[in-house]
Amino acid sequence: MDPLRLCVNTQTPLVRFRETGTAKKKKAPPETTNLSDLTDGVDYTFSPGGVTRMVFPLVRRMIREGTLRDAHWVALNPTGPDTVRAGGLTLHSVHLPKDRLKSYGIVKETLWGAAHRTVQDTPPDEDVFWTDDFSEYAYYNRLTAEVIGELDQRYDFDLFYIHDFQQLPMGQMLGPLKPKIYRWHIPFEQSAIPDHWKELLTTYFDSYDVIVVSAGRYREALKSFGYSGKVRKIYPYVDPRAYSRPPRRERAAVRRRLGLREDDDVVLVVARMDPMKGQDRAIRAFAGLASRYPRLRLVLVGNGSFSSSKGGLGLSKGSRWREELEGLARRLSVGNRVVFAGHVPQRELDALYETCRFTVLPSIEEGFGLVVVEGWLHSKAALVTERAGIAELVAEGKNGLLIDPDRPEEMGEAMRLLLDDEERARQIGGRGYETSKQCSLDAGVRAETEMITHLVGR
Amino acid sequence: MDVVSFLLPLGYAAIIVLVTWAIARVASTLVGRILRQSRPLLAAQIRRSVWLLIWLIGLVTAIEEVGVPSDILLLIVALFGVGVILTIREALENAGAKYFADVFIPFKVGDSIRVQGHSGKVIEINSMSTILLGDDNTLVSVPNTVLMREAVVNTTPQAWKEVIIPITIRNDIDLPAFESAVLKSVNKLKPSLDSRFPPVMTMRSKGPQSTELSLSIMVSRPEQRDAITAEVNKRVAELVESMSKAKKQGNAADRSPAGPA
């Protein structure tokens, strides 16, 4: 197959730029900023989550293996330079005017809330697709389509790979001429989608050649929903080589920084600050065990998403949720035993994975749950919400324990099981490590390459 | 003197061509405005016909001005036309049928139709035929003349509700802002539209000067179809006009010495 030219589109940018960084000063076109000229942590940071963990390694690997000639990545990045070169990859920023950001944010939160069943106070007949806010959502997507259209004129892409529910209208806006793959990352349950949304969503889905989902049940749900096109299940993946086992000295330093004693037992939750992530459930379950295990500490890693960040959409959801959780921990008398670590660099995160007894994914709904795979890569047992896509990879009691996030007492019982039987927890973690190979970059690249080759047909 | 008598008619002819161009342009715009509440494709055909007629009259007048007898010219054109018609009669029939099909046949690319025992999804409508993708993955080519002669059944669910409004905007109009404004305006007609189908704008093509779009809406009651179509057409035309005007004013301000640097 001849190397292909790929255009990737996500809402979340691969890197977020600091307002005061060098990149901002270099913004004026036609100068193109080179990422290697900038300093990680000073001028920019990689966005946490799937774009950095999954999409970026995929694109880099496909360029290295010769599947791709080069790739262009278009993303919403209000504070980013127009163009940034990053190896064989070129990043392009979409600058959505500030006065339109809010309305766009409202629509995306509504769609996201419905998919995750977190929207409880929305009247059932409210139809976001008929609001002025939705016109701004369409504005953002059309603006992105215009940027991609201009790039396509210049580079003649072979394929568009659209990620995220926020970009759903892109397939219809980009037109039918070139192959388009759409990756739906969040949960898809037919019962969660209001009936009156069905027609428009179907119109958008139908504009893609292939839709990729993260779990078998989403594939079945999409078909039941009425989508008759091709659906592929590809488990999200990470590159195991990106994870390390920091030595004891580094682990001790992280413990000290977070105020953890050497003999503290750590239960780890890695998730951004969002009600859907169910950290409140974990705190309640933890509070039920606190008196029995005086050295037990609950560490919550993560802060707000791109949407919550100042450089992103500026929504304050993340900080609001953290305040709620801090209040809850205080009310349950475990305020001094729940540690809010915020965002931590990868090396420190690895140290925490190594340090913890096991990990918990307590989400109310979860598209997949790559953090479970990260824990497995450190051979740690995992308590996994049964409402996560990754739950279909968990064999109860073998490589993890399934939990119902609405039953904190059961979650506490599962925690107790792993705390009391260290050997069993170790065995479960070991089998989890084997399972993690299904979510490795190698497995992902194989599946993606096969799909792309089949679709492009050359 | 001979040179002057040779050049003068040529000059008059050139002026006639220029005047014809101006009249055709004004007439076309006027007809477009008058018919902006009627069916969009029909309005486009009438505009095109008026434009063609004015040019025909203008060109014949210009040719007479340079001394070529128009009756002989018309005879030659007519004979040539008859020859062409006899040679490619079937192709012309199909092309003509396509021309009328644009206006009168109620289906579009993407719809499922049944005609003369064939059924499938319309994947292309070209000047000769309409291509169907059959349920068994076969391709069926239906000559456009067949579509004019035979009963065509559009089996697309809700097909009777759909109204497609073709829109052309100049490329200097901000497309995302235009689309956003159109959606906001059409959303206000929600009580008369099927609420399960929000309006969707699609880009059909983008040329060097202008962009062809189409706006798809779904009416809730068939008897309101024409009235809603007219109202949407009116709103879209107003938006095109106001955004064009704003753009022109912006450009003028940019050029004036007092304008932004």
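Which residues does I167(B) touch, leaving aside those up to four places away in sequence? Let me take that one straight away. This is a predicted model, by the way. The contacts of I167(B) are F178(B), M201(B), T211(B), E212(B), L213(B), L215(B), V236(B) and V240(B).

Now the core around that residue. I167(B) is among the residues with the most contacts inside the largest nonpolar core, along with F205(A), F178(B) and L215(B). That core has 78 residues. Its largest share comes from helix α4 of chain A, residues 132–155, which supplies 9 residues. There is also a second, separate core. This one has 37 residues, including L4(A), L38(A), L91(A) and I181(A). As a general point, nonpolar side chains tend to be buried together in soluble globular proteins.

Stay with α4(A) for a moment. What does it lie across? Four strands of chain A: β1 (4–10), β5 (68–76), β7 (89–94) and β8 (159–163). The angle between α4(A) and β5(A) is about 155°.

Next, the sheet in chain A. It is open, with 9 strands and mixed pairing. Reading across, the order is β3-β6-β7-β5-β1-β8-β9-β10-β11. Which strands sit at the edges? They are β3 (33–34) and β11 (230–233) of chain A, and each pairs on one side only. Look at the β11(A) end. Strand β10 of chain A, residues 210–213, runs parallel to β11(A), and 4 bridges join the two. Within β11(A), R232(A) stands opposite V212(A).

On to another pair of strands in chain A. Strand β12 (residues 265–270) and strand β13 pair in the parallel sense over 6 bridges. L268(A) has V299(A) of β13(A) as its bridge partner. Is β13(A) enclosed or open to the outside? All the evidence is in the burial count: 6 of the 6 residues of β13(A), 296–301, are buried, so the strand is largely enclosed by the rest of the structure. Both faces take part. L296(A), L298(A) and L300(A) point one way, R297(A), V299(A) and V301(A) point the other way, and all are buried. In a regular strand, side chains alternate between the two faces of the sheet.

Helix packing now. Helix α9 (residues 279–289) and helix α13 (residues 408–420), both of chain A, pack at about 60° with their axes 8 Å apart. The two helices are therefore oblique to each other. The crossing of α9(A) past α13(A) is right-handed. Who makes the contact? From α9(A), we have R281(A), A282(A), R284(A), A285(A), F286(A) and L289(A). From α13(A), we have P408(A), M411(A), G412(A), M415(A), R416(A) and L419(A).

Over to chain B, and its hairpins. Strand β1 (residues 112–115) runs antiparallel to strand β2 (residues 118–125), with 4 bridges joining them in chain B. I113(B) has G120(B) as its bridge partner in β2(B). The hairpin has 2 residues between the strands, and Q116(B) takes a positive phi near 50°. Then β2(B) carries on to strand β3 of chain B, residues 129–134, through a hairpin of 3 residues. That pairing is antiparallel too, over 5 bridges. G120(B) appears again here, with G134(B) as its partner in β3(B).

One last residue: S103(A), in helix α3 of chain A, residues 98–115. Buried or exposed? Its relative accessibility is 15%, so S103(A) counts as buried. Beyond its neighbours up to four places away in sequence, S103(A) touches D133(A) and E136(A).

Technical notes:
Residues numbered from 1 in each chain as written. Chains lettered and ligands numbered in written order. Predicted model: local features only at pLDDT ≥ 70, side-chain atom pairs only at ≥ 80, totals over all residues. Heavy atoms only, no water. Core = buried A, V, L, I, M, F, W, Y, C linked by side-chain atoms within 4.5 Å. Buried < 20%, exposed > 50% of the residue type's maximum accessible area, 1.4 Å probe, protein only. Contact = heavy atoms within 4.5 Å. Pairing = 2+ DSSP bridges. Axes fitted to C-alpha atoms, helices over the stretch in contact; angles between N-to-C directions. Parallel < 35°, antiparallel > 145°, perpendicular 65-115°, else oblique. Left-handed = near helix turned anticlockwise from the far one by under 90°.
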